[in-house]
Amino acid sequence: MCRFISFKISEPRYFNYIAYSLSYISLIDPLLPIKVPNVPSHVDGWGLSAYDSHGILTTFKSSRPFYLDIRRVLRILEDLEPPIYGLIHIRRASTDQPIGAVHSHPYIGEVNGALILMAHNGGLNKELIKKYYNLDINVNEVTDSYVYFYLLLKTYKNIGDILTSIENIIKGLISINAVKLKYGGTLRESSLNAVLLFIKDDRPIIYVIEDWKHLRGELRKYYRILTLAKDKNVIICSSSIAERLRNFGFTDYKPDVVREVCTDNRLVRILAIK
C-alpha cells in the first residue's frame with residue numbers, strides 16, 4: 001500500500017510543494033486503511049525518476065523513509081531543466097514482500113528501443129501470475145509489483161505497442177482474479193494503479209493506470225487517483241497527496257484519458273501526461 005505522484009513540471013520551484021506533500025504523507029497518511037499505532041505510514045523506501053529537456057534521465061532509490069530524505073530529493077531535482085517529466089513513489093510494503101533499496105520503485109527496463117520506468121500502488125497474487133503466464137522468475141525474491149513490471153516488459157516485447165500491452169495485462173490480471181492484497185492471512189480487493197514513465201526516441205510520456213472505481217469505503221478513498229494543475233504544472237497522484245497539494249494552490253484538472261478498458265464489469269482508465 002503505497003503512494004505515488006507523476007508530473008510534468010515547468011518551474012522547478014514547484015518541486016518544493018511536491019516534496020513537502022510527500023514528506024507529510026510518508027509520516028502521516030490520514031487515508032491509510034491499515035494503520036499501526038505509533039508507526040509512520042510509508043517508511044519502506046522511496047524512489048524517483050525524472051527526465052528533463054536536455055534528455056537527462058535521473059533515477060534514485062533508497063530504503064529510507066522519504067521524510068528523512070527530503071533535502072536529498074530537492075538537491076537531486078533542483079538542477080534539472082524544464083519541462084521535467086517524472087514520478088516519485090513512497091512505499092509501505094505489503095505482507096511478506098521483500099524490503100530494501102533494490103525493491104523500491106520505480107523499476108526500470110529497456111525493451112524495443114524504449115526505456116520504461118514503473119511504480120505501483122496495490123497488491124497482486126504473484127504466485128498465481130507466475131503460474132498463469134509461465135514466467136521464468138523466482139517470485140520469492142521479488143515484490144508483487146516487480147512481477148507486474150516484468151509481465152509488462154515481456155508483453156511489450158512481444159506486441160510492440162505500449163497501450164495495447166497495458167490493456168492486455170489489465171484484462172488478463174483481472175480475469176484470473178490476481179488483483180488481491182494479502183493481509184492477516186486473507187486476501188483483500190486491491191488495485192492495478194501504476195505510473196509509467198515511457199521514453200522512446202527521446203520523447204517522454206507519462207502513463208497512469210487508474211484502477212479504483214470498483215472499490216468501496218476506505219479502500220476507494222485510499223486508492224483514488226486525482227489530476228491537479230497549477231499554472232503549467234500538471235500532476236496525477238494518489239488521493240492523500242492530492243489533498244496536501246490543494247493547500248499549495250493546486251486545483252482539479254481534466255485528465256487526458258487515452259484508453260478505457262472495461263472487463264468483468266470493471267472500468268480501468270489509462271491517463272497520460274504528454
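Two exercises with worked solutions follow, on the strands of a predicted model.

Local features need pLDDT of at least 70, side-chain atom pairs count only at pLDDT 80 or more, and totals for chains, interfaces and linings use all residues. Residues are numbered from 1 along each chain as its sequence is written, and side-chain values use heavy atoms, with hydrogens and water left out.

**Exercise 1.** State the strand order of the open sheet of 6 strands and find its edges.

*Solution.* Strands (E, at least two residues) and helices (H or I, at least four) are DSSP runs numbered from the N terminus. Two strands pair if DSSP finds at least two bridges between them.

Step 1. The order is E5-E6-E9-E10-E15-E14, with antiparallel pairing.

Step 2. E5 (107-111) and E14 (256-263) each have a single partner strand, so one side of each lacks a neighbour in the sheet.

Step 3. Inside the order, 7 bridges join E9 (residues 194-200) to E10 (residues 203-210); Lys-200 has Arg-203 in E10 as its bridge partner.

**Exercise 2.** Determine how E2 (residues 46-51) is covered and which strands it is joined to.

*Solution.* Buried means under 20% relative accessible area, exposed over 50%, partly exposed in between (1.4 Å probe, protein chains only).

Step 1. Of the 6 residues in E2, 6 are buried. Trp-46, Leu-48 and Ala-50 point one way, while Gly-47, Ser-49 and Tyr-51 point the other way. In a regular strand the side chains alternate between the two faces of the sheet.

Step 2. E3 (residues 57-62) is joined to E2 by 6 antiparallel bridges, with Leu-48 opposite Phe-60.

Step 3. E4 (residues 84-90) also runs antiparallel to E2, through 6 bridges, and Trp-46 stands opposite Ile-90.
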